[in-house]
Amino acid sequence: MRLFRQLLLVSIAFLSFSAAAQEPRLGQEYTVLDRPQPTDAGKKVEVTEFFGYFCPACNSFEPYLEAWIKKQGDRIVVKRVHVKFSDLMASQQKLYFTLEAMGKVDEYQLKTFNAYHIDRNRLSSDADVFRYVDKVGLDKKKFTDIYGSFAIQSKVNRAVQLMSDYKINGVPTVAIDGRFIVSPADLFAKSKVRDGSHAGLVVMDWLVDKEKKKKNPAGAAPVVNKKK
């Protein structure tokens, strides 16, 4: 029954958004950065999610985003940036970048959201984070070594710069190919759709298609990998 309701909400949100506009409108459903940011995705489209474990809207959006990523296949390259708007979010940010460095994001992303929003572990201190690490069975020594490393501090510093470059003042926010900005939370407020995250995915689909066509114009010879 719960799955049926979720699928029904997806359908309602999609139809509501589609009825409102034939295609996303600049300044309404998405914006464009004044200064496009460099990407390194090659012929693929780079998708960057700015999020925070503390964020209720991010928590709601994440499962649908993960399903959307799987649907895109090899058309996109996904990057994530955990934001920090206050010092209370510092340990969450380090937690995410440590999971990323360990190659554990796919396995633990939703579990970490659940730790905050369901188990009420606010992850607001190193002790909270290590308690979570113990609970989920991560290699604590390896985690701790990486968590306190210079490499993680460098990622934290880089996140600050990216937030500035992309003009991030709220989450969840998704950047498409270093140029286009989509805010699922803003779409919810504007469209009054019950779950605005789905409207955001419709816009993201459209933007990925748009950028993919530019990178792979019709008539271009496909790349064929020949086995030697």
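User: What follows α5, and what is the sign of its phi?

Analyst: In this predicted model, where local features need pLDDT of at least 70, side-chain atom pairs count only at pLDDT 80 or more, and totals for chains, interfaces and linings use all residues, α5 is followed by Gly137, whose phi is positive, near 85°. Residues are numbered from 1 along each chain as its sequence is written, and side-chain values use heavy atoms, with hydrogens and water left out. Helices are DSSP runs of H or I with at least four residues, strands are runs of E with at least two, and both are numbered from the N terminus.

User: Why is Asp139 called partly exposed?

Analyst: Buried means under 20% relative accessible area and exposed over 50%, with partly exposed in between (1.4 Å probe, protein chains only); Asp139 has a relative accessibility of 45%, and therefore counts as partly exposed. Asp139 is found in the loop between α5 (126-136) and α6 (140-147).

User: What makes the pair of Asp139 and Lys142 a polar contact?

Analyst: A polar contact is a pair of N or O atoms within 3.5 Å, one able to donate a hydrogen and the other to accept it within protein, while residues adjacent in sequence count only if both atoms are side-chain atoms. A polar atom of the Asp139 side chain lies 3.1 Å from the backbone nitrogen of Lys142.

User: How do you know that the buried residues of α5 line one face?

Analyst: These residues are Asp128, Val129, Tyr132 and Val133. Taking directions from the helix axis to the C-beta atoms, they fall within an arc of 140°, so they line one face of α5.
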